[in-house]
Amino acid sequence: MTLRRRLAGDHGAGGTLALMVAAGTLAFSLLALSLFSVLPAKARANAAADSAAIAAAESASVRSADESCAVAAEAATLNKTTLLSCDVVGGEATVTVGQEILATTFSVAARAAVPRPAAQVSGVNGAIPLEDLVVISYPGVRADPPVYLRSDAASALLQMLDSYHSQTGDYLPVDEGYRDLAGQQRVFNEYGWPRAAIPGTSNHGLAIAIDFVNPPVVRGASPHAWLVDNAAQFGFEPLTDPDEPWHWDYAG
Ligand SMILES: [Zn+2]
């Protein structure tokens, strides 16, 4: 299964944010087709399926499932494919589109989900259900245990990580995001105030703070200099009191 992200300039927690498209199975019979004709068609069908799934998922927040599938059908048609199936449950849409080439029809399935906007995150500082948060899956980001963030902060962080990688060829190492009350208590016991926030007051507990690995994200090092120059455009602010070059807060 391929994990795709659509990050086209969407900031914030609006309904237009489709963070992840899990595009999946490609099931088709291609024996009769030449490689030349298949590859562009496959790419087009993948794009059409993604487009239809995203359209349906975005629509689902304000329209019924049937209406959302009608939107998906329209997106499929615009991409010169046919919507074969559409299933909308909650904010998640799963679609299959078909494309006919040289008398052979093949289909591509895609799924898109619109993360819940921040306003719907329940729980209090340090007690947010993990299912309300988004796991950050990206090279350089700690995978075990995973880094969780609020959906709008997650989207902004992924855009920032992408930007850093495209400009430098390197990856920013992320060590921590959401921290529950028990985790904050451990940090507080170890470092004390003000180095560690009082449990229940940390932005880590709101799932809008990240800690990069320290070093290399330290003052005077190039990753930190890049963040100083660029993080603001993605909505991230440095923590300066106390001065923690590795800690950045998402301010939107
Ligand atoms: Zn921190």
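A residue is taken as buried when 20 or more other C-beta atoms lie within 10 Å of its own. By this criterion, helix α3 of the predicted model has the buried residues S151, D152, A153, A154, S155, A156, L157, L158, M160 and Y164. Across the chain, buried residues make up 39% of the 252 residues. The chain has five helices and 11 strands. Contacts between residues at least 6 apart in sequence were also examined, and 60% of them join residues at least 24 apart.

Helix α3 was examined further. It has 18 residues, which at 1.5 Å a residue should span 26 Å. The end C-alpha atoms of α3 are 26 Å apart, in agreement with that expectation. Just after the helix, G169 takes a positive phi of about 80°.

The largest nonpolar core has 31 residues. Within this core, I136, L149, A153, L157 and A207 touch the most other members. At least two core residues come from each of β7 (148–149), α3 (151–168), β9 (209–212) and β11 (243–250). Helix α3 gives the largest share, seven residues. One of the residues of α3 that is buried is A153. Leaving aside residues up to four places away in sequence, A153 touches A207, I208 and Y250. Another core lies apart from this one. That second core has 27 residues, among them A48, A53, A55 and C86.

Two of the strands that supply the largest core, β9 and β11, also belong to an open sheet. This sheet has four strands in the order β8-β9-β11-β10, and the pairing is antiparallel. Strands β8 (174–176) and β10 (236–240) stand at the edges. Each of these edge strands has a single partner strand, so one side of each is left without a neighbour in the sheet. Neighbouring strands of the sheet are turned by 40° against each other on average, with direction ignored.

Pairing inside the sheet was then followed strand by strand. Strands β9 and β11 are joined in the antiparallel sense over three bridges. In this pair, A209 has D249 of β11 as its bridge partner. Strands β10 and β11 are also antiparallel, over five bridges. Here the bridge partner of E237 in β11 is D249. D249 is thus named in both pairings, with A209 and with E237. A hairpin of two residues joins β10 to β11.

Another run of strands comprises β3, β4 and β5. Strand β3 (residues 82–89) pairs with strand β4 (residues 92–101) in the antiparallel sense over seven bridges. T82 has G98 of β4 as its bridge partner. C86 stands opposite V95 in β4. C86 is also one of the residues of the 27-residue core. The hairpin formed by β3 and β4 has two residues between the strands. In its turn, G90 has a positive phi of about 60°.

Strand β4 pairs again on going to strand β5 (residues 104–113), in the antiparallel sense over 10 bridges. In this pair, the bridge partner of V97 in β5 is V108. Strands β4 and β5 likewise form a hairpin with two residues between them. L102 in that turn has a positive phi of about 50°.

Helix α2 covers residues 65–78. Its 14 residues should span 20 Å at 1.5 Å a residue. The end C-alpha atoms of α2 are 20 Å apart, which agrees. Within α2, S68, C69, V71, A72, A73, A75 and A76 are buried. An α-helix has 3.6 residues a turn, so residues three or four places apart point the same way. L78 is also found in α2. L78 has 12 C-beta neighbours inside 10 Å and therefore counts as exposed. The C-alpha atoms of L78 and A52 are 9.5 Å apart in space, although these residues are 26 residues apart in sequence. Just after the helix, K80 takes a positive phi of about 60°.

Notes
Residues are numbered from 1 along each chain as its sequence is written. This is a predicted model: local features need pLDDT of at least 70, side-chain atom pairs count only at pLDDT 80 or more; totals for chains, interfaces and linings use all residues. The expected span of a helix is 1.5 Å times one less than its number of residues. Two residues are in contact if their C-beta atoms, placed from the backbone, lie within 7 Å. A nonpolar core is a set of buried Ala, Val, Leu, Ile, Met, Phe, Trp, Tyr and Cys residues joined through C-beta atoms within 7 Å. Two strands pair if DSSP finds at least two bridges between them. Axes are lines fitted to C-alpha atoms, for helices over the stretch in contact, and angles run from 0 to 180 degrees between N-to-C directions.
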